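Let's take a quick walk through this one, from strands to ligand to cysteines. Have the coordinates open as you read.

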Amino acid sequence: MANFPKGFLWGGATAANQVEGGWNEDGRGPALTDVTLGGTVKENRKLTYIAADGTHGSLERSEPLPKGAHYAVLDECYYPNHLGVDEYHRFKEDIALFAEMGFKTYRMSISWSRLYPKGDEKEPNKAGVEHYRQVFQELKKYHIEPLVTIWHFDTPLYLEEHYGGWTNRQLIDFYVRFATTCFTEYKGLVHYWLTFNEINNTIMFLDFKGEAHPDSEYQTAYQMLHYEFVASAKAVQIGHAIDPSNMIGCMICGITNYPATCDPKDVLACQHTWEKNLYYCGDVQALGEYGSYSERLWKEHNVQLDITDEDLVDLANGTVDMYTFSYYMSSLVTTHEVKDKVSGNFSAGAKNPYLEYSDWGWAVDADGLQYFLEMVYQRYNLPMMVVENGLGAYDKVEEDGSIHDPFRIEYYRRHIAAMDRAIGNGVDCIGYTTWGCIDLVSAGTGELRKRYGFIYVDIDDEGKGTLDRSRKDSFYWYKKVIASNGEDLAD
Ligand code: BG6
């Protein structure tokens, strides 16, 4: 017998900038993703700009704009997020397919710049507000509960350029206005909310590749995070005040860390990695205060934060109702020299000889999901949800149009079984939304060929294709899993 409780929220997840398209329609303003080119696993995605002298250029995300330059959409370039998979126009068709699979929930995000095109306006863009109302009404038609991420990597470009993005305290107020609009406009239609997607990325990715960074980068990252924490905590309070039945969660990028050896130094380094990469954010959002190890983390990089007494009150009063996270992989932590390295952008570091790696170099580790659920539940004792889990892989369309993806089915089978075991071990896990229930633009590489969906979309990395949707084998398999409430994982 499977352990999934009655009413378990089975579903899938996407993010506005990766599926919607319609990037400049109905008053939507640009976000950073709209000036971001496609890349590959070896070649980072670049941002395009026009320099002061009018020449066109591109740079890495971590590089500052040249003096006098501004981000710009260049005619000669292709931007995969501009089209996404055209969900902006096809959401009815897609939701009908989700309903056919039996989804109980659909995780999606609201594009900030669709509601507030520049980000600092006093009033929202009505067309944007109405668009999402229609989406939620459509979901309601099929009894699919929306799970809405308020911020998923898409701060309006204007706020990035004119205010310095999250380095600026004013962003808290702009975000709170945006979040308040969401809670007010969609009251009764949406009950599950997430404030920030993978909030811990800001600090985690600094150290991921083991490259040295100046203290100033840590200063910036920790400060941005603090403002995001305060914005999140304020949003939680407002969301509860507007509708006390709202369930509001944090969303953490959940990577399970293991010590690479039994050297006590590795074990300790691993514990400190959990603190910095996972507990630092989880503690603030779930427990309402910075963990005891935070001073050490700040001191290591001479970080001095702008934190007011009022902020601390907000953090204490704005704790989340549930802990949600993405889970794709585990990672090894070691103080020793690493010979066998992994090349994938997320699993950078030591290779785990017990695991297989995806075509994009991500460690596939279902047991790591059970480990994560059990570790984190013991710490916070809050309901948990796995809101992203999936395999980015190549798909082949057969001559008859069918798509056989046994590797994806196997991936999900193992991860769902791991989640089942964690629930059997006492974890209060209330939902599971697979990443990219429909093919979408990869956030990391901008590729379309890195496919995650149960639903195939006929579109390639250059935007060529019909955009037609078709069902992969995994579509029928997941439908069966949902219908049996996780009991039937067989082919
Ligand atoms: C998570 C993000 O980091 O991983 C998603 O929340 C992202 O937006 C997903 O798409 C998978 O990563 P990628 O790079 O394969 O798209």
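Is strand S9 (residues 322–333) largely enclosed by the rest of the structure or left in the open, going by how many of its residues are buried? In this predicted model, 12 of the 12 residues of S9 are buried, so the strand is largely enclosed by the rest of the structure.

**Strands around S9**

S9 has a parallel neighbour in strand S8 (residues 247–259), and 10 bridges hold the pair in register. If you want a spot to look at, take Tyr-258, whose bridge partner in S9 is Leu-332. S9 also pairs with strand S14 (residues 384–388), again in the parallel sense, over four bridges. There, Tyr-323 has Met-384 of S14 as its bridge partner.

**A three-strand sheet**

Elsewhere there is an open sheet of three strands, ordered S3-S2-S4, with antiparallel pairing. Strand S3 (56–59) and strand S4 (70–71) sit at its edges with a single partner strand each, so one side of each has no neighbour in the sheet. Strand S2 (residues 47–50) runs antiparallel to S4, and two bridges join them. Ile-50 is bridged to His-70 in S4.

Lys-46 belongs to the loop between helix H1 (16–19) and S2. With a relative accessible area of 31%, Lys-46 is partly exposed. Its C-alpha atom is 10 Å from that of Tyr-79, although the two residues are 33 apart along the chain.

**The ligand and its shell**

Which residues come nearest to the ligand? Out of 14 around it, those are Gln-18, Glu-198, Ala-443, Lys-450 and Tyr-452. By type, the shell splits into six nonpolar, five polar and three charged residues.

Here are some side-chain N or O atoms paired with ligand oxygens:

| Residue | Distance to a ligand oxygen atom |
|---|---|
| Gln-18 | 2.7 Å |
| Glu-388 | 2.8 Å |
| Ser-442 | 3.2 Å |

On its own, the ligand has 380 Å² of accessible area, and the protein covers 98% of that.

**Arg-114 and Glu-20**

Arg-114 is part of helix H4 (residues 112–115). Its relative accessible area is 1%, so Arg-114 counts as buried. The side chain of Arg-114 makes a polar contact of 2.8 Å with the side chain of Glu-20.

**Cysteines**

How many disulfides does the structure hold? The count is zero. A disulfide is a covalent bond between the sulfur atoms of two cysteines, and the cut-off used here is a pair of sulfur atoms within 2.5 Å.

Why does Cys-270 have no bond to another cysteine? The closest cysteine sulfur, in Cys-262, is 13 Å from the sulfur of Cys-270, which is too far for a bond. Cys-270 is buried, at 5% relative accessible area.

Cys-429 tells a similar story: the closest cysteine sulfur is in Cys-250, 13 Å from its own sulfur and too far for a bond. Cys-429 is buried as well, with 2% relative accessibility.

How values were computed: Residues numbered from 1 in each chain as written. Predicted model: local features only at pLDDT ≥ 70, side-chain atom pairs only at ≥ 80, totals over all residues. Heavy atoms only, no water. Buried < 20%, exposed > 50% of the residue type's maximum accessible area, 1.4 Å probe, protein only. Pairing = 2+ DSSP bridges. Near = heavy atom within 4 Å. Polar contact = N/O pair within 3.5 Å; in protein donor to acceptor, adjacent residues only side chain to side chain. Areas by Shrake-Rupley, 256 points an atom, 1.4 Å probe, with all protein chains shown as cover. Nonpolar A, V, L, I, M, F, W, Y, C, P; charged D, E, K, R; others polar.
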